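Please open the model in a viewer and keep the selection panel at hand. The stops below are to be taken in order, each beginning with a selection.

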Amino acid sequence: MRYDLDLTHYTSHPIYALGGDFTGTSKSGEKLEINSYYIEKSGAPWFAISGEFHYSRMDPERWEDELVKMRLGGVNIVSTYLFWNHIEEGEGCFDFTGRRDLRHFVSLCQRHGLYVILRVGPFDHGEARNGGLPDWLYSKPFEVRSLDEGFLACTKRLYKQIGRQVRGLFYKDGGPIIGVQLDNEYMHSSAIWEMTTGISNEWIPHGKDGEKYLLALREIALDCGLTPAFFTGTAWGGAAYSERILPLWGGYAYRPWLFYHQRGEHPATEEFIYEDYHHDGAKWADDFTPEYKPSSRPYACCEMGAGMQCCYYYRFVYPCKSVDALANIKLASGCNFLGYYMFHGGTNPIGKLGTYMNEAQVPKLSYDYQAALGEFGQVRESYKRLKALHLFTQTFAGILAPMETVLPNGASEIDPRDTEPLRFAVRTDGNGGFLFLNNFQDHLTLTERKDEKVVIKTKAGEYEFDVSLAPEENAILPFNLTLDGITLRQATAQPVLRTVIDGRVTYVFLVPDGMTADFKFEETAIVEGSWQSKPGMLTVKKDGKEIDILLISRELANSLYLLRNGALLFTDEALLEDEFGGLRLETLSANNTVLTYPKDLLSQSDTAKPVERFESVFGAYDVNIRELAVPVVVCPQSDQHYRICLPENPLEGLKDARLQIDYLGDIGQLFLNNVMISDNFSNGDTWEIGLLEHRQDLEQPLVLKISPLRKGASVNVESAMAARNETVESSLAELISVRVKPVYEIQL
C-alpha cells in the first residue's frame, strides 16, 4: 500500500526563550536555557534524557556502578524522589545516612557527568506508603497538600533539611542539580493513608489550591536553598499548572491502577499512536489537555513507562520492546526531553519502626518495576534497545530538536485496535528530516508490514521509501540528511551515532528487524563497499570529503556501547566505564566474546585475548575468568515453607550472586534472620534476589514462604466467638526450582 505525505507547504513556527525562570548559568559560565521547544546548552540544542532512580530504594554499595550503567545507556539526567517518610519517619528525626545519603548520591552523579532533578514532594506517590508522607502527619490538625500554615511549616522544615544536604551542588554552584520538581500530580492523584488500608481506605487529599499552592512551595524551596536552573511539575490529568514551572508529561500503556480493586481485561491504549503535542488546536487521541498553548512550552516527559510494577490484581510480564517503541512515538510527536519512570528498579527500606514502606497494592519491599535496569542491576532488553535511540538523539540533537512534527491525515485518530494502517510520522525542517515508523501496540500484536511504500514530497525533492517492518519493531529513517558535507538523500536504515577514530569519521546505522537496508547519496558522491551484509562497511567520498558508514543489525546494535574515547565495544553483558576510561565487564558468564571497533581497542591480558583469524571489521576478544558455582540445598519444611542453604562464603570471588526462584502460587516471600528481604507477586517470570547486601548473614539459612493461589475461597464468620473459617475449592503452591546465578566482574 502507498502512503503520501506532502511537505511542500510546510512553514516553521517561531521558537523563543522562556526567560529567567527557565535559565541557569553554571560556575564555569556554561548556560542552560529552555525555549518554547527544547533546551539549549551553551547556545546549541541539547537533548535531555532523564531516567528515574530512587537512591533510597537501593543499597548505596550499588549506586555508583548503576549510575555508570545509566550513563552508558544514554541517560544524561538522573531524576529521583525524596520520600519524606524515608527522611523523617519519626517527627523531627531526620536521617541522611546510608541509603538515605542524598549528598553522596548526587556527588556520584556529578562524578559520572550526570545532571540531577530532585523530586522533593512533599507528596511523591511512587507506590510508596502514603505516597511518601510520614504517618505522623495523619495526626496533625491540618490538611496535608494544602496552604494551611501548619502543613507549610512542616514542609519548610523538610525543604530546609534537604537544602542543607545539597548545598553547593546546584548548577549555579558548579554542581549537577539542574531541576527541582515540587508536589507530584497535584490536584490529579493521591494515595491511601496506609494506616487505614482494609478498613476505611481513607485517601490523602489530592489538593484544591491550584497554582497558589505550587507557587507557595516554590518560594519555600528557594528560601530553603533549593535553587535550580528551573522548577518542574507534572502536568497530566488536569494537574495544577503555573507559567513559572516547566510542565512535564508521561505515558503508561500498562496500568495496574485500573485493577486495584477488581480483575478484568486491559484495553489497548492510545500510547502508541502518533500525535503532534506541540501544535495549538490539534485533536489528540488521549487526555492531553494542557492549560497553556502547546506551542508555548516544550513537550517534555518525566514519566514514560520504562517498566511497570505488578499490582495484586494485575500481573504481567512487561514487554521490553514497548519501551523504545514509546520513545519513538514521543520523539516523533514533538518531544525533545525524554524521561523514563522507572529507568532503574529498587527495593524499599524497612522503616525504623518496622513499617513496610510500599503501598498495599504492590509488594511490600520489591520495586523492581520490570525496569530497563532491574532491582539488582539486571540489564534487560529494554535497556539494550534504548541505547541506540539515545545515541541518535545525542548525535543529531542540533538538527532534530528544532524539527517539527508533521502527521499524515488521520494519524492521530487511528483506533489502537486497528491493525490495518501503517503508523508513521515525520519530524522535518521542510527540506529534510526523519521518518518515524512504529509497529508495536500494547495488549495487541500488530502484523508484519511487507512492501509498504511511503512517499514524502518536499521543496527539495521527493523521497520514496520501501518499508517492511517486523512485528513489535520501530524505526527512524533519514531523508536529505547531511553527513559531514555529504548528502544522504535517504536510507532504509536507522542512524545511530557519529564518532571519530584515528582521524576518520564513522557513522553507525542499524537495520531494523524486517527491513532491507538501502542507501541513496547525492549523485556526485562515490560509494565504495556494500550494505548487503551486516555488519557492512561503506566509504563515501565527495570533493575531498570522506566518511565511513558501519552498518549493523538490530541485534548487534543492542550490544553496542560508545566509549569516552569514541571507540565502540559490543557485548550482551553490562559494560562499566569509569571517569578515566577504565573498562569492566559485569557478566553472568565466565566465558565471553566481545567485539571492538577499531580492531585493536583492547590490549591482550590474562582475561582478554584476541580471537585469531576473526574476519570482520571488528576486533574480537575472548574474555574469560574462572567459572564458579554456588550450590543450593533446598529442604522442604511444609507445602509452603522451604529452607534454602548456601555454602560458606557463597560470594567469594564474585561481584554478586542472584538467587533465582521459579514457583507457582500467589505471593513469594524470602526471609533471612527472621527479616523479610524480598517479596514477589507471581506472574510466571523468574523471581530474582541479589545477595550482595546480605553477604554477612548468608551463613544462616534463607526461608522461602509461598502463599498459595486459592480458587473459590470464602470465609464464614457466622460462628461463636467471632471465629473465622475459610473454605477453599483448591489451592496451588509449588516450588519448581531454586538456583544461584553468579555475577562476575572482569577488568578489561
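**First stop: the largest cavity**

The largest share of the lining of the largest cavity, 3 residues, comes from strand S10. The model on display is a predicted one. Select S10, residues 230-234, together with strand S11; each of these strands supplies at least two residues of this lining. The cavity has a volume of about 90 Å³. Its lining comprises 15 residues, and those nearest the centre are Leu 214, Gly 233, Thr 234, Ala 240 and Ile 245. By class, the lining of the largest cavity holds 9 nonpolar, 4 polar and 2 charged residues.

**Second stop: the second largest cavity**

In total, 6 cavities of 30 Å³ or more are found. For the second largest, select Ser 50, Ser 79, Ile 117, Arg 119, Gln 181, Thr 232, Leu 248, Cys 302 and Phe 337, which line it. The space within the second largest cavity is about 50 Å³. Its lining divides into 4 nonpolar residues, 4 polar residues and 1 charged residue.

**Third stop: the largest pocket**

Next, turn to the largest pocket, whose volume is about 830 Å³. Select Glu 185, His 188, Trp 236, Tyr 252 and Trp 257, the closest to its centre among the 40 lining residues. Then add strand S11 (246-251) and strand S12 (299-305), each of which contributes at least two residues to the lining of the largest pocket. Which strand gives the most to this lining? The answer is S11, with 3 residues. S11 also supplies at least two residues of the lining of the largest cavity, visited at the first stop. Coloured by class, the pocket lining shows 16 nonpolar, 12 polar and 12 charged residues.

**Fourth stop: the nonpolar cores**

Select Tyr 159, Tyr 340, Leu 437, Phe 519 and Ile 549, the residues with the most contacts inside the largest nonpolar core, which has 191 residues. Helix H6, residues 321-332, gives the most to this core, with 7 residues. Apart from this core lies another of 28 residues, including Leu 646, Leu 654, Ile 661 and Leu 670.

Return to Ile 549 and display its surroundings. Beyond its neighbours within four places in sequence, Ile 549 is in contact with Leu 483, Tyr 507, Phe 509, Phe 519, Phe 521, Gly 536, Met 537, Leu 538 and Val 540.

**Fifth stop: Gly 536**

From Ile 549, move to its contact Gly 536, which is located in strand S27 (residues 536-542). Is Gly 536 buried or exposed? Gly 536 counts as buried because its relative accessibility is 4%, where the cut-off for buried is under 20%. Not counting residues up to four places away in sequence, Gly 536 touches Ser 530, Ile 549, Leu 550 and Leu 551. A distance may also be drawn to Ser 553: the two C-alpha atoms are 9.5 Å apart in space, while the residues are 17 apart in sequence.

**Sixth stop: Gln 378**

Select Gln 378, in the loop between strand S15 (366-367) and helix H7 (381-395). Gln 378 is buried, with a relative accessible area of 5%. Its side chain makes a polar contact of 3.0 Å with the side chain of Glu 688. Leaving aside neighbours within four places in sequence, Gln 378 is in contact with Asp 368, Ala 372, Leu 373, Arg 658 and Glu 688.

**Seventh stop: backbone details**

Select Gly 121 and Pro 122, which are joined by a cis peptide bond with omega of about 20°. Pro 122 lies in the loop between strand S8 (115-119) and helix H4 (149-165). Asn 130 is also placed in the loop between S8 and H4. Asn 130 is not a glycine, yet it has a positive phi of about 55°. Asn 130 counts as buried, at 0% relative accessibility.

Another cis peptide bond runs from Tyr 341 to Met 342, with omega near -15°. Met 342 is in the loop between strand S13 (335-341) and strand S14 (346-347).

Finish at Asp 502, in the loop between strand S23 (494-501) and strand S24 (504-511). Phi of Asp 502 is positive, near 55°, in a residue other than glycine. Asp 502 is exposed, with a relative accessible area of 73%, whereas Asn 130 is buried.

Methods
Residues are numbered from 1 along each chain as its sequence is written. This is a predicted model: local features need pLDDT of at least 70, side-chain atom pairs count only at pLDDT 80 or more; totals for chains, interfaces and linings use all residues. Side-chain values use heavy atoms; hydrogens and water are left out. On a 1 Å grid over the protein atoms alone, a cavity is a set of points where a 1.4 Å probe fits but cannot get out, and a pocket is an open set with protein on both sides within 12 Å along at least five of seven lines; lining residues have an atom within 4 Å of a point. Grid points are joined across faces, edges and corners, and a volume is the space filled by probe spheres set on the points. Helices (H or I, at least four residues) and strands (E, at least two) are DSSP runs, numbered from the N terminus. Ala, Val, Leu, Ile, Met, Phe, Trp, Tyr, Cys and Pro count as nonpolar, Asp, Glu, Lys and Arg as charged, and the others, Gly among them, as polar. Buried means under 20% relative accessible area, exposed over 50%, partly exposed in between (1.4 Å probe, protein chains only). A polar contact is a pair of N or O atoms within 3.5 Å; within protein, one must be able to donate a hydrogen and the other to accept it, and residues adjacent in sequence count only if both atoms are side-chain atoms. Contact means heavy atoms within 4.5 Å. A nonpolar core is a set of buried Ala, Val, Leu, Ile, Met, Phe, Trp, Tyr and Cys residues joined through side-chain atoms within 4.5 Å.
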